[in-house]
Amino acid sequence: MRLAREGVPFVVGATVLGAGLLTAGAIFGGWWWLGAVLSLPIALWVPWFFRDPVRRGPRGSRLVLAPADGRVVSVTSVEEPDFVIGTATRVSVFMNVLNVHVNRYPASGLVAYREYRPGAFLNATRDKASEKNERMSLGIRTDQGPVLVRQIAGLIARRIVTDAQVGDRALQGERLGMIRFGSRVDTFLPLGARIAVSVGAQTRAGVTTIAEWPT
């Protein structure tokens, strides 16, 4: 299983903790054994959380792919003044702690906008999270139009990782970054894009088509 590089310290820490408790249990017994048993699910879950599977899916300039694994919690029209500039359709995908948390570019193009904003840590399923929570926004200029991807911290997440800088080339389906421990990713598209998912749909980053550009 391939791991996201951000997860290596956490996997090492969980492994060392589990091994230490097992050793203490073997030497001292008693409550140390209980600690060792309780640490086992954590030691197994941490590498699972930071998995970074290879993703192969549809590709093409007419497609907009899901940037995150999870469940679509909102598809709505909003005003987007930062990059799309005007009314946009926002597709929001919520990631729970069992989802893959590596985020991927929904489309190919030039990274032309990047902005980090500190904020609150509201429940990421709430509509206000897109504007109130800690977030990182990336604007991609594609051949079809502007695409804004917003990584949003949730109740548990406190660390947004974004690889791209302004001027970088975005490649559809490739890694964009990740958010640690549960959160949400919004995609903002001009109104001309045809949305291909609805609320409740399950998505896979770099695989699920969430919208198509008109021909």
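In these exercises a residue is called buried when its relative accessible area is under 20%, exposed when it is over 50%, and partly exposed in between, as judged with a 1.4 Å probe and the protein chains only.

The model is predicted, so local features need pLDDT of at least 70 and side-chain atom pairs count only at pLDDT 80 or more, while totals for chains, interfaces and linings use all residues. Residues are numbered from 1 along each chain as its sequence is written, and side-chain values use heavy atoms, with hydrogens and water left out.

**Exercise 1. Describe the surroundings of Gln151, beginning with its burial.**

Step one is burial: Gln151 has a relative accessible area of 1%, which means that it is buried.

Step two is the element: Gln151 belongs to strand S7, residues 146-153, where strands (E, at least two residues) and helices (H or I, at least four) are DSSP runs numbered from the N terminus.

Step three is polar contacts, that is, pairs of N or O atoms within 3.5 Å in which, within protein, one must be able to donate a hydrogen and the other to accept it, and residues adjacent in sequence count only if both atoms are side-chain atoms. The side chain of Gln151 makes such a contact with the side chain of Thr162 at 2.5 Å, and the Gln151 side chain also reaches the backbone oxygen of Val161 at 3.2 Å.

Step four is general contact, meaning heavy atoms within 4.5 Å. When neighbours within four places in sequence are left aside, the residues in contact with Gln151 include Asn103, Glu134, Met136, Ile160 and Arg184. Met178 lies 27 residues away from Gln151 along the chain, and the C-alpha atoms of the two are separated by 8.2 Å.

**Exercise 2. Examine the partner residue Thr162: in which strand does it lie, and is it buried or exposed?**

Thr162 lies in strand S8, which covers residues 160-162. Its relative accessible area is 12%, and therefore Thr162 is buried. Apart from neighbours within four places in sequence, Thr162 is in contact with Arg114, Met136, Leu138, Gln151, Leu176 and Gly177.

**Exercise 3. Work out how the side chain of Arg104 is placed and what it reaches.**

Begin with location: Arg104 is found in strand S4, residues 102-104, and it counts as buried because its relative accessibility is 6%. Turn next to the side chain, which makes a polar contact with the side chain of Asp52 at 3.3 Å and reaches the backbone oxygen of Gly173 at 3.1 Å. Finally, not counting residues up to four places away in sequence, Arg104 touches a set of residues that includes Arg2, Pro53, Ala66, Glu174 and Ala205.

**Exercise 4. Set Val185 beside Gly192: which of the two is buried, and which is exposed?**

Val185, found in strand S11 (residues 183-190), counts as buried because its relative accessibility is 1%. Among the residues that Val185 touches, beyond those up to four places away in sequence, are Pro67, Val91, Met95, Val149 and Ile179. Gly192 lies in the loop between S11 and strand S12 (194-195), and its relative accessible area of 51% means that Gly192 is exposed. The C-alpha atoms of Gly192 and Gln144, which are 48 residues apart along the chain, are separated by 9.9 Å.

**Exercise 5. What is the phi of Ile85, and where does this residue lie?**

As background, most residues other than glycine have a negative phi. Ile85 has a positive phi of about 60° although it is not a glycine. Ile85 is found in the loop between strand S2 (70-80) and strand S3 (86-95), and it counts as exposed because its relative accessibility is 57%.

**Exercise 6. Describe the chain as a whole.**

The chain has three helices and 14 strands. Of its 215 residues, 51% count as buried. Among contacts in the chain with a separation of 6 or more, residues 24 or more positions apart account for 72%. The exposed area of the chain is about 10100 Å², of which carbon and sulfur atoms supply 61%; accessible areas come from the Shrake-Rupley method with a 1.4 Å probe, and for residues only the protein chains shown count as cover.
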